[in-house]
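The exercises below are intended to be worked with the coordinates at hand. Each consists of a task followed by a solution in steps.

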Amino acid sequence: MTPVVVVTGAAGGIGAATCELLESYGWEVIAVDRLPVDRRGALQVDIADADAVTAALSALPRVDALVNNAAIQLYKSLLDTTVEEWDAVAAVNIRGAFVCLKAVHNQLAAVGGSVVNVGSVHATATSHSIAAYAATKGGLSAFTRAAAIEMAPLGVRVNTVLPGATDTPALRAGFSRKADAEQTLVDRTPLKRIGHPRDVAQAIAFLIDRERSDFITGQDFVVDGGALARLSTE
């Protein structure tokens, strides 16, 4: 039977690349986004709307894997961030992963499925004016470990990928705020390039593949071109 994967935040960037790659590997892809996605079986749902997400995903007859990729990236200093903005980021970045997992846990348990949460290197080392995003991504890594322990008796694995600088609309928006930002980032990355969304998608494909990763759960997988390996004081 064709395996089924749910991918949130599927309209662009890492989510779109993941949908394309997994489809090429023979998966049936259920793309989820608050924006329309031109893909058969796509669901237009706002991950921040817990009731709508639960209704849409719990109704799916089969789910072999869940990729929690939907995210909001807020560039704003900690003291300038409003409570409403903080809550909006958290509602998608961490609460959304929790809601999606709960919504499909029965389907995942029925087939010994896998969950991949798309985190960020900001969970480990971060930058100025991105506190809400970094905090929620750090929380997502902790959630992965907790969920891995609790889901293991059901035969469900839970892992996180931590992308570094990846060529997405969010990264391009960041470059627009600082001259030479792209070249500076490339120079500071050991592999001397920015990541492609497909680089992250390949890691996700590995982690949801039972034949290749069946003994891996509760882990953070870094996909950053070596950026975290370098001392920040170097």
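The exercises that follow concern a predicted model, and they proceed from the sheet to the helices, the aromatic rings and the backbone.

**Exercise 1. The sheet**

Task: Determine the strand order of the open sheet and state which strands are its edge strands.

Solution.
Step 1. Strands of a sheet pair through backbone hydrogen bonds, either parallel or antiparallel.
Step 2. Here seven strands form an open sheet with parallel pairing, in the order β3-β2-β1-β4-β5-β6-β7.
Step 3. Pairing on one side only identifies the edge strands as β3 (43–44) and β7 (220–223).
Step 4. As one example of the pairing, β1 (residues 4–8) runs parallel to β4 (residues 65–68), and three bridges join the two. Within this pair, Val 6 faces Leu 66 of β4.
Step 5. Helix α5 (residues 131–151) packs on the sheet and touches β5 (114–118), β6 (157–163) and β7. The direction of α5 makes about 160 degrees with that of β6.

**Exercise 2. Strand β6**

Task: Establish how many residues of β6 are buried and how they are divided between its faces.

Solution.
Step 1. A residue counts as buried under 20% relative accessible area.
Step 2. Seven of the seven residues of β6 meet this criterion, so the strand is largely enclosed by the rest of the structure.
Step 3. One side carries Arg 157, Asn 159, Val 161 and Pro 163, and the other carries Val 158, Thr 160 and Leu 162; both faces are covered.
Step 4. On the β5 side, five bridges join β5 to β6 in a parallel arrangement. Val 158 in β6 is the bridge partner of Val 115.

**Exercise 3. Surroundings of Ile 30**

Task: Decide whether Ile 30 is buried or exposed, and list the residues that it touches beyond its sequence neighbours.

Solution.
Step 1. Ile 30 belongs to strand β2 (residues 28–33).
Step 2. Its relative accessible area is 8%, and Ile 30 is therefore buried.
Step 3. With residues up to four places away in sequence left out, Ile 30 touches Val 4, Val 5, Val 6, Val 7, Gly 41, Leu 43 and Leu 60.
Step 4. Ala 10 is 20 residues from Ile 30 along the chain, and the C-alpha atoms of the two are separated by 9.0 Å.

**Exercise 4. Helices packed against α5**

Task: Classify the packing of α4 and of α3 on α5 by angle and by handedness.

Solution.
Step 1. Two packed helices are described by the angle between their axes and the distance between the axes.
Step 2. For α4 (residues 95–111) and α5, the angle is about 20 degrees and the axes are 11 Å apart. Because angles under 35 degrees count as roughly parallel, α4 is roughly parallel to α5.
Step 3. For α3 (residues 83–93) and α5, the angle is about 30 degrees and the axes are 9 Å apart. These two helices are therefore also roughly parallel to each other.
Step 4. The crossing of α4 past α5 is right-handed, and α3 likewise passes α5 in a right-handed crossing.
Step 5. At the first interface, Ala 97, Phe 98, Leu 101 and His 105 of α4 meet Leu 140, Phe 143, Ala 147 and Met 151 of α5. At the second, Trp 86, Val 89, Ala 90 and Asn 93 of α3 meet residues of α5 including Ala 131, Tyr 133, Thr 136 and Leu 140.
Step 6. The buried residues of α3 are Val 89, Ala 90, Ala 91, Val 92 and Asn 93, and their cover includes α4 and α5.

**Exercise 5. Aromatic rings**

Task: Find how many aromatic pairs the whole structure holds, and describe the geometry.

Solution.
Step 1. A search of the whole structure yields one aromatic pair.
Step 2. Phe 206 and Phe 221 form this pair, with 6.3 Å centre to centre and 55 degrees between the planes, a tilted arrangement.
Step 3. Phe 206 lies in helix α8 (residues 197–208) and Phe 221 in strand β7, 15 residues apart, so that the pair links distant parts of the chain.
Step 4. Phe 206 is partly exposed at 25% relative accessibility, as is Phe 221 at 27%.

**Exercise 6. Positive phi**

Task: State where Ser 129 and Lys 192, two residues with a positive phi, are located.

Solution.
Step 1. Most residues other than glycine have a negative phi.
Step 2. Ser 129 has phi near 65 degrees and sits in the loop between β5 and α5. Its relative accessibility of 24% makes Ser 129 partly exposed.
Step 3. Lys 192 has phi near 55 degrees and lies in the loop between α7 (181–188) and α8. Lys 192 is partly exposed, at 47% relative accessible area.

Note on methods
Residues are numbered from 1 along each chain as its sequence is written. This is a predicted model: local features need pLDDT of at least 70, side-chain atom pairs count only at pLDDT 80 or more; totals for chains, interfaces and linings use all residues. Side-chain values use heavy atoms; hydrogens and water are left out. Two strands pair if DSSP finds at least two bridges between them. Helices (H or I, at least four residues) and strands (E, at least two) are DSSP runs, numbered from the N terminus. Contact means heavy atoms within 4.5 Å. Axes are lines fitted to C-alpha atoms, for helices over the stretch in contact, and angles run from 0 to 180 degrees between N-to-C directions. Rings of Phe, Tyr and Trp (its six-membered ring) pair if their centres lie within 6.5 Å; planes under 30 degrees apart count as stacked, over 60 as edge-to-face and the rest as tilted. Buried means under 20% relative accessible area, exposed over 50%, partly exposed in between (1.4 Å probe, protein chains only). Angles under 35 degrees count as roughly parallel, over 145 as roughly antiparallel, 65 to 115 as roughly perpendicular and the rest as oblique. A crossing is left-handed if the near helix is turned anticlockwise from the far one by less than a right angle, and right-handed if clockwise.
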